[in-house]
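Open the model in your viewer and keep the sequence panel beside it. The stops below can be selected one after another.

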Amino acid sequence: TEIYTLSLHDALPICKGDHYLGRFDYNISAKDRVYTSFMQTYVSGPQPYARTAFEYLYPEGDSFGGITEDHTFSSNMLNEAKFGFSRTGAFVPGVQPEIPAISLADGVQGFGISGSIPFGFFQMNYEWKDILTRYQGKHNLKMGVEFRRGHDDYQTVSRPSYLFQNILDFATDQPEREGMRVDVNTGMPKNLVYEERTFETAAFIQDDYKVKPNLTLNLGLRWEDYTHPTEKLNQFANFVPGNGSGYNEQVTNGSMQLSPAPWKSKNLNFAPRLGYSWNPRPRLVLRGGFGITYDRVPNGDWEGLATNPPKSAVTAYAGALYDTSILYQLGGTGTNYGFAPNPAFAQGLDSHNGIKGARVGVTAAMPDLSTPYVENWFQGVQFELNRDWMVEADYLGNVAHHLIWIRNINRFDSNWT
């Protein structure tokens, strides 16, 4: 008996897009010049699906713009002010959202688009910097400041998803599990929405000092301030260890708590930069340097703080494994694409702000998180043997400190085999 067939179909059309680029320069006066640039890209890419009824397009747009103003104070002093922004975003409507996401554990292709579609995201970054350059005798001085602001907004709907063990269970409407993003206190579908913000500041001073005709020093100091991220809707929640005589007890007794400041900002991030170039005698040149560079904590490592309970929408499950009933249904028109809420999802939160009767995976950050940085050093030697031959030897080294890493704190040492 034939239960299902697999058919091949023509590939979707290739991606289509538009790209616009513009530039404008204007000399305001003999001492002032302004130049701007702008770029816009729009691409609509196909998302192929084995079941062609659920193929959809993924439209995405990117914008970049900047404006620079140069002002000449004198023959030996120049100021450059810059402002720039970048934006990327998409709204993906999908197709047939009234059909739930259906997957089968026996390897047969399921039905429906992801339960998180339709969704949209928008990321905006703004940057402003000002750099002053001055030539003074043996000194080439530069100093400047920089401000960076980041916006990361995301929104997705809540539609049910169902898991079947095999195609026969699907044919008889017997799902093993139902999942939906909900407010666990009420059981009502709840869209996942967050609006994350970052703000960073930097300043620097640099001097290229020609001490002698055969000796030049490069001296600099940079300061970075990476403040902790924030979430506009106050949904950041962090794990707070509980009481206990040891680490395992503290984790067991811990809880999720709202945390507008997930870690303490550290702003004493001073990074010296030193270098030299020395020609002690003819045909011999020595070069060396040392520097420290600070870096930000990547968004991908902490943005999950906005999806933790107790305030954010979380995914709840129903089924025999959870001792709750499944509401298997198709959608339609109206609120939440016609999907009715499952009363079994109104499980509520326990004293740890976890979902009652379920295990919840969360993202947490250490409250004493330090800013990562790297030390770099270099030493090089060049010697001219004759006009046709030269030998060079270089040594480079670096060491990193406070690098960010992610680990599962539920794991423990074991000698199991």
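A pocket, as used here, is an open set of grid points with protein on both sides within 12 Å along at least five of seven lines. Its volume is the space filled by probe spheres set on the points. The model is predicted.

**Stop 1: the second largest pocket**

Select S86, N125, Y126, E127 and R148, which lie nearest the centre of the second largest pocket. This pocket has a volume of about 390 Å³, and 26 residues line it. Which elements should be coloured next to see where the lining comes from? At least two residues each are supplied by β3 (56-74), β4 (77-92), β6, β7, β10 (192-212) and α3. The most comes from β6, with 6 residues. Colouring the lining by class gives 6 nonpolar, 10 polar and 10 charged residues.

**Stop 2: salt bridges between β7 and β10**

Keep R148 on screen and add E200. Their side chains meet in a salt bridge, 2.8 Å from N to O. The pair links distant parts of the chain, with E200 in strand β10 and R148 in strand β7, 52 residues apart. Are the two partners buried or exposed? Both E200 and R148 are buried.

Now select R197 and D153, whose side chains form a salt bridge at 2.7 Å, N to O. This pair also links distant parts of the chain: R197 belongs to strand β10 and D153 to strand β7, and 44 residues separate them. R197 counts as buried because its relative accessibility is 9%, and the limit for buried is under 20%. D153, at 23%, is therefore partly exposed.

Next, extend the selection to E146, R148, E200, R222, E224 and R296, which are joined into one network by salt bridges that share partners. Side chains of opposite charge can pair when their charged atoms come close. Over the whole structure, the search finds 13 salt bridges.

**Stop 3: a salt bridge at R23 and D25**

Go to R23 and D25. Their side chains meet in another of the salt bridges, at 3.2 Å, N to O. R23 has a relative accessibility of 58%, so it counts as exposed. D25 has 35% and is therefore partly exposed.

**Stop 4: a nonpolar surface patch**

Switch to a surface view and select I67, F83, Y126, W128, V145, F147 and F199. Together these residues make a nonpolar surface patch of about 560 Å². The elements giving two or more residues to the patch are β6 (119-136) and β7 (139-156). Y126, a member of this patch, is also one of the residues nearest the centre of the second largest pocket. Then centre on W128, which lies in strand β6. W128 counts as partly exposed because its relative accessibility is 34%.

**Stop 5: the largest pocket**

Select F239, V362, T363, A364 and I409. These lie nearest the centre of the largest pocket, which is lined by 43 residues. Two or more lining residues come from each of β13 (237-240), α2 (247-252), β14 (255-258) and α3 (299-302). Which element gives the most to this lining? It is α2, with 4 residues. The volume of the largest pocket is about 1,400 Å³. By class, its lining has 24 nonpolar, 14 polar and 5 charged residues.

**Stop 6: the cavity**

Leave the open pockets and look for enclosed space. How many cavities of 30 Å³ or more are there? The count comes to 1. The largest cavity has a volume of about 160 Å³. Select Y226, T227, W263, R296 and V297, the closest to its centre among the 17 residues that line it. The lining of this cavity has 7 nonpolar, 5 polar and 5 charged residues. R296, among the residues closest to the cavity centre, is also part of the salt-bridge network of Stop 2.

**Stop 7: D183**

Finish at D183, in the loop between β9 (177-182) and β10. D183 is partly exposed because its relative accessibility is 24%. Draw a distance from its C-alpha atom to that of F236: the separation is 16 Å, for two residues 53 apart along the chain.

Terms used: Residues are numbered from 1 along each chain as its sequence is written. This is a predicted model: local features need pLDDT of at least 70, side-chain atom pairs count only at pLDDT 80 or more; totals for chains, interfaces and linings use all residues. Side-chain values use heavy atoms; hydrogens and water are left out. Patches are made of residues with over 30% relative accessible area and no salt bridge: like charges are joined within 9 Å, nonpolar side chains (Val, Leu, Ile, Met, Phe, Trp, Tyr) within 5 Å. Accessible areas come from the Shrake-Rupley method with a 1.4 Å probe; for residues, only the protein chains shown count as cover. A salt bridge is a side-chain nitrogen of Lys or Arg within 4 Å of a carboxyl oxygen of Asp or Glu. Buried means under 20% relative accessible area, exposed over 50%, partly exposed in between (1.4 Å probe, protein chains only). On a 1 Å grid over the protein atoms alone, a cavity is a set of points where a 1.4 Å probe fits but cannot get out, and a pocket is an open set with protein on both sides within 12 Å along at least five of seven lines; lining residues have an atom within 4 Å of a point. Ala, Val, Leu, Ile, Met, Phe, Trp, Tyr, Cys and Pro count as nonpolar, Asp, Glu, Lys and Arg as charged, and the others, Gly among them, as polar.
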